[in-house]
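Trainee: I should like a close look at a single part of this model. Please take one helix together with whatever surrounds it, and give a connected account.

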Amino acid sequence: MGTPVTPWWVIDMHVAGVLEDAAAAILQDLACAGWASSESGDGTRILAYWPAPPPGLADELCARLGVAASRLGAPSPAIGRPERVPDEDWEAAWRRHFTLQRPIPGLVVHPSWIAHEAAPGEEVIVIDPKMAFGVGSHATTALSLRLLRGARAGARVLDVGTGTGILAIAAARWGAGEVMAVDTDPVAVENALENVRRNGVADRVRVSLGSARDAPGTFDLAVANLLSSELSRVMPSLPAKLAPGGTLIVSGFLREEEGAVRALLEGHGFRPGDGAWSEEWGALSARRDQTICTSPS
Ligand code: SAH
C-alpha cells in the first residue's frame, strides 16, 4: 500500500484444529482486525492482528480459548504475548492469506493481485479485503451467499454488517434493484466502497456507516451475517426495516445457538424456515409476518 499506517500488533497462537471456529468467533468478539491461519504440526497456527491491543488481551484469549478447548476435549492452546509487527510483514501475511475462493457454485471471489479469467457463465467478484471481513472463505459468508442467491430480481436489499461489501456486491450482480450496505466499522465502510466501485455496481449499491436502524426506507430482503451476540442487539430494529412478507437472512451463529436464534427471530415477528449448515456454522432464512407488532425499543 505504501502509505504509513499505525503499528500493528500480532499474537501468535497454536490451537487444535477443532478449535479453529471457536477461535474465529472469539477473535472477532475481541475486535481482532484480521487473522491468518495455517496448518502447523498437529494443529493450526493463527497469527491474529490488532491495531492497538487492549490491556490483558492475551490473558483474555487464553481464558476463553481454554474454556472452548476443555468443552471440545482439545489440548490447551499455546498463546504468545502481543508483539509489534513491521508494516511490510503485516501486508505480506495478509496478502498470502487471501486466495481465489469459490464460495458457492458459479461464483468466484478473488483479490485483485490474483489474476483470474472468468469461465462462461461464471460470476466473478474482486475483493481487496484490507482489514475488513468477507472474502468468501468463511462458512458464514458462503451460507449467506447461498441463501441470497434466491432473491428475486429487482428486490431492495439491506446488508447489515457489510464488511468488504461482498454480499451487497453479489446481490447487485444477481439482479437486486437497489442495495443499502451498512457497517458500524468505518474501516469496513471505506473498504466496501472501494470494492463496490471496483466491481462496477456503484449505481445500485450505497454504503454507509451505521446499522440497520440508520438505513432509510424498507427492504424486500435483509441479510445480517453477524455474531449472535451482535444479532440480538440489531434484531429489534429489523422488523421495521422489512416490507411485510419480506425475507431476513441471518448467519454468523454456531449450531448450538440455533434454538436461541430461532427464538430471537420468532420473538420479533419472523417465521424462520429450514437452516443451512456448513462446518460449525449456521444460517436461517425467515419471513416477516404480514401483520406485526413491533416492540417500541
Ligand atoms: N457481510 C460480510 C461481513 C460479515 S462480518 C460477510 O458476510 O462476509 C460482520 C461485519 O458486521 C463486520 O464488518 C462488523 O464491523 C459489522 N458489524 C458488527 N456489528 C454490527 C452492527 N451492530 N451493525 C452493523 N454492522 C455491524
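Mentor: Just after helix H5, Gly175 takes a positive phi of about 110°. In this predicted model, H5 comprises residues 166–173. The helix is mostly covered, with seven of its eight residues buried. Those buried residues are Ile166, Leu167, Ala168, Ile169, Ala170, Ala171 and Ala172.

What does H5 lie across? Its neighbours here are strands E9 (156–160), E10 (178–183), E11 and E12 (219–225), and H5 runs at about 180° to E10. These four strands belong to an open sheet of seven, in the order E11-E10-E9-E12-E13-E15-E14, with mixed pairing. E11 (205–209) and E14 stand at the edges with a single partner strand each, so one side of each has no neighbour in the sheet. Direction ignored, neighbouring strands are turned by 15° against each other on average.

Within that sheet, E9 and E10 pair in the parallel sense over five bridges. One residue pair joining them is Asp159 with Ala181, its bridge partner in E10. E9 is itself mostly covered, four of its five residues being buried. Arg156 lies over the face of Phe219, at 4.6 Å from the ring centre. Since E9 spans 156–160 and E12 spans 219–225, this contact involves a residue of each strand.

The covering of H5 is best read together with the nonpolar core. In soluble globular proteins, nonpolar side chains tend to be buried together. The largest nonpolar core in the model has 31 residues, and Leu148, Val179 and Val205 have the most contacts inside it. Two or more residues each come from strand E7 (107–110), H4, H5, E10, helix H6 (186–198), E11 and E12. The largest share, seven residues, comes from H5.

Leu148 leads from this core to another helix. Helix H4 (residues 139–148) is mostly covered, with eight of its 10 residues buried. Besides Leu148, the buried residues of H4 are Ala139, Thr140, Thr141, Ala142, Leu143, Ser144 and Leu145. Which residues does Leu148 touch, not counting those up to four places away in sequence? They are Leu167, Ala171, Trp174, Leu221, Val223 and Ile249. Of these contacts, Leu167 and Ala171 are among the buried residues of H5. Leu221 and Val223 fall within the residue range of E12, and Ile249 falls within that of E13, residues 242–254.

That last contact points to the other part of the sheet. E13 and strand E15 (residues 281–288) pair in the antiparallel sense over seven bridges. In E15, Ala283 is the bridge partner of Ser251. Helix H8 (residues 258–267) packs on the sheet here, touching E13, E14 and E15, and its direction makes about 155° with that of E14.

The structure also holds one aromatic pair. The ring centres of Phe253 and Trp277 are 5.9 Å apart and their planes stand at 85°, so the pair is edge-to-face. Phe253 lies in E13 and Trp277 in strand E14 (residues 270–278), so the pair ties together parts that are 24 residues apart in sequence. The two residues can be set side by side in their accessibility: Phe253 is buried, with a relative accessible area of 1%, whereas Trp277, at 25%, counts as partly exposed.

The positive phi at Gly175 may finally be set beside two other sites. Most residues other than glycine have a negative phi. Glu279, in the loop between E14 and E15, nevertheless has a positive phi near 50°. At 52% relative accessibility, Glu279 counts as exposed. Ala31 also has a positive phi, of about 60°, although it is not a glycine. The place of Ala31 is in the loop between helix H1 (20–29) and strand E2 (34–40), and Ala31 is exposed, with a relative accessible area of 55%.

Definitions and conventions. Residues numbered from 1 in each chain as written. Predicted model: local features only at pLDDT ≥ 70, side-chain atom pairs only at ≥ 80, totals over all residues. Heavy atoms only, no water. Phe/Tyr/Trp six-rings, centres within 6.5 Å; stacked < 30°, edge-to-face > 60°. Buried < 20%, exposed > 50% of the residue type's maximum accessible area, 1.4 Å probe, protein only. Lys NZ or Arg CZ within 6 Å of the ring centre and 35° of its normal. Pairing = 2+ DSSP bridges. Axes fitted to C-alpha atoms, helices over the stretch in contact; angles between N-to-C directions. Contact = heavy atoms within 4.5 Å. Core = buried A, V, L, I, M, F, W, Y, C linked by side-chain atoms within 4.5 Å.
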